[in-house]
Each structure stands twice: as C-alpha cells, then as structure tokens.
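I wanted a record of what I looked up in this structure. The entries follow the order in which I went through it.

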Amino acid sequence: MTNKPHLTFDLNIPGVSTGYLVVPEGTDHETLSLPVFYCNKGEGPRLLITGGCHGNELEGPIVARRLVDWLPKAQTCGKVIILPELNPLAVRAWTRNTPADGLDLNRVFPGRVEGSVTERIADAVSRVLVPSVETIFDLHSFGPDWEFPPASITHPVADADLMAKTLQMTEAFKLPVTLLWERDDTPGMFDTFAHSQGKVFVCAEFGGGTVGAVSLSIYEAGVRNALIALGLVEGKAEFPSFRHQKSGQTLETLSSDFLISPVPGIFEPRCAALDIVKKGDLLGILHSMDTLSADPQIIYAPAGSTVCAIRSGAHVEANERLVYLSRPLKL
Ligand SMILES: [Zn+2]
C-alpha cells in the first residue's frame, strides 16, 4: 500500500473509469478517498473539472455530478477528469474552510505531502491530476451572503499568450458575466498554481450559495458551452437566459474596486448586481444595531461603474467588503 497520493485507476485505459484520488493519512486525519470520474475518448483536449473546493458552494459539485451522467454519451474526443468534491470535509460541514485544520483549500496550493489534511488534498491534486491536463475548470460559488451574477472568472496572468488563451476560454462559457478579477497577491490559490504550470484555468462563480434549479441550469449551460468550445462535445453554444439578457458582457474588477463597511451592522442593499450606477448613487445602507439613535451609514457609488457583487442578508463587521465595482474590460 503506497503512502503517496495516487489514483486507483489508470488514465491510459480508454472509455469510462471511476475510482478515487487517494489522499494519504496524516496525524490529523485518516486516508481520504475522493471519488473521481474519467472519460477517455482518445486524442484531443485534456480537461480537469473540480467542484467543492469551498464546502459552502454546492452548485459546483451538483453540476459536476450532472456532467458525470451525460458526458460519456456526449463526449466525442479527448480526456475529461471530474472530481466533484475537492474538499468533502468542508462540504459535509457546509463551511468554506476544512473543520479539521481550519484551512482554506484555495489558499494552500500546491500543498504539502507532510502537511495537514487540507494541504495533503492540494498536494494530491497538484501532483496527480494537474500534470495530466492542459485546461482546468474549478466550479465555485461566490458564497451564501453575496448577490453575484452567474460568471466565469479568471485572474490576470503575466504570460500574455496564456492570458489570451485563458480569457478566450473564460468567455467561451457564455455566461452573463465574464470577469477579469485583479487580486492582490493571494498566496496558495489553485489558479495561481495552475497558471504557473502553464495551464488554462477558469473559475465559475455564482452568487447566493443557495442552490436553486434556475441557477443550476445556467451554471450547467455555461460548462456545456465551454466543453463545446474545447471541441469535447458537439453542439451549439447558447447564452443561458438570465434577467432577459441576450448576451454576456466582459468586465474587470481591480484590486481596489471594493467598498468596505465603516462600522459593524446589517447591510441593506439598495441596488443589484449588474446595475449600472453613477458617482453618488445610493448602493446600500449599513444599519448599526447597537443603538437606534445613530444615523445609518449611507454607502454611495464613488464613481460610475457596474455593480459586480453586493452583500445580501448579512451582518457585517467593520472593514468587511460590501460591494465590488467593475467596468467593461478594455484590452
Ligand atoms: Zn469558492
């Protein structure tokens, strides 16, 4: 019995295989066996689809599970690996981070073989799965306390050729929003590691975190569009209908493009994701609940922009993010 991370099946076997990505035991947790689906139709694009990186974002695991059902018939070439739940420990707890070690899986890549359980999951994915593909779709949601449109997201990549290929793949989802999201240097993200390995990496995101039939069908349509664009599946890509929009838009949000809460309180949104606002427009009101004599804090738009994401239904502490602003991407 090997103590290295490994797959329980051979990626050279044609046709459909199912098995496990085995994450070895450590001092903090026993061996994990993550279910993996694989469809090998020979030459062609090689794709890894992952869901459940964050345990409170469940659209991804559901859409990944749906793909397992229809992909064997629809896939015409290439190789697709699907791992619906990257972090089953967090999914079962419905938490972003792993309860066992408190770590965010999307902050520990490429992981450590001798690390805690979250780091060992990242290590197994980095070493066993990532080298086998050239494209990765990581299916997230924006979390349960944000309103965020269905979107495919990527972050800026220094390599211009990889950036162009990645943005093209991101737009191929044909979701209501394609977002180029500039992040401050956040260490340990799966996409940063994948990009460093020359892979095209796209995140799908979706606001709300409350899984509903409409949002799931939009999400699944986006992934299907991307599979069609890769040539793995035949068919015609179509924009999923969302608020009567007939087409998507490509936006960018910079690392400075968010507004924070000046005080703790309950945030009342006064606009919606994708609203176009002018400087000075009312975005929301922050109600301090400690006293009824304090004036509510009014959150205004600092400049003309498109609202990209807005907090919903959440008590916030001071200095938490309330709104992400964005604008059409100009290359
Ligand atoms: Zn996530």
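The entries below cover the metal site, the aromatic rings and the nonpolar cores.

**Metal site.** I kept in mind that this is a predicted model. I started with the zinc ion and listed its protein donors: ND1 of His54, OE of Glu57 twice, and ND1 of His140. These donors lie 2.1 to 2.5 Å from the zinc ion. I then looked at the geometry: the angles among the 4 donor atoms run from 56 to 153°, and the site is irregular. I noted the spacing of the donor residues in sequence as H-x2-E-x82-H. Glutamate 57 is in the loop between strand S4 (46-51) and helix H1 (59-74). Histidine 140 is in the loop between strand S6 (135-139) and strand S7 (146-147). The two are 83 residues apart, and the pair links distant parts of the chain.

Are these two donors buried or exposed? I looked up glutamate 57 and found 2% relative accessibility, so I entered it as buried. Histidine 140 also has 2% relative accessibility and counts as buried.

**Aromatic rings.** I found 12 aromatic pairs in the structure. I looked at one of them, phenylalanine 190 with phenylalanine 201: the ring centres are 4.9 Å apart and the planes are at 70°, so I entered the pair as edge-to-face. Phenylalanine 190 belongs to helix H5 (residues 190-196) and phenylalanine 201 to strand S10 (residues 200-205), so the pair ties together parts 11 residues apart in sequence. Phenylalanine 190 is buried at 0% relative accessibility, and phenylalanine 201 is buried at 2%.

I also noted a cluster in which ring pairs link Phe142, Trp146, Phe148, Trp181, Phe258 and Tyr324. I then checked for charges over rings. Arginine 183 has its charged end over the ring of tryptophan 181, 4.7 Å from the ring centre. Arginine 321 has its charged end over the ring of phenylalanine 258, 3.6 Å from the centre.

**Nonpolar cores.** Which residues touch the most other members of the largest nonpolar core? I listed Leu21, Ile49, Ile82, Val125, Phe137, Phe190 and Leu227, out of 85 residues in that core. Helix H6 (residues 213-230) gives the largest share of this core, 8 residues. I followed isoleucine 82 further, leaving aside neighbours within four places in sequence. Its contacts are Pro35, Val36, Phe37, Ile49, Ala64, Leu67, Val68 and Leu71. Another core, of 15 residues, lies apart from the largest one, and its members include Phe267, Cys271, Ile310 and Val323.

Conventions. Residues are numbered from 1 along each chain as its sequence is written. This is a predicted model: local features need pLDDT of at least 70, side-chain atom pairs count only at pLDDT 80 or more; totals for chains, interfaces and linings use all residues. Side-chain values use heavy atoms; hydrogens and water are left out. Donors are N, O and S atoms within 2.8 Å of the metal (3.2 Å for Na, K and Ca); water is not among the atoms, so sites may look incomplete. Four donors count as tetrahedral if all angles lie between 85 and 135 degrees; four count as square planar and six as octahedral if opposite donors are over 155 degrees apart and all others between 65 and 115; anything else is irregular. Helices (H or I, at least four residues) and strands (E, at least two) are DSSP runs, numbered from the N terminus. Buried means under 20% relative accessible area, exposed over 50%, partly exposed in between (1.4 Å probe, protein chains only). Rings of Phe, Tyr and Trp (its six-membered ring) pair if their centres lie within 6.5 Å; planes under 30 degrees apart count as stacked, over 60 as edge-to-face and the rest as tilted. A charge sits over a ring if NZ of Lys or CZ of Arg is within 6 Å of the ring centre and within 35 degrees of the ring normal. A nonpolar core is a set of buried Ala, Val, Leu, Ile, Met, Phe, Trp, Tyr and Cys residues joined through side-chain atoms within 4.5 Å. Contact means heavy atoms within 4.5 Å.
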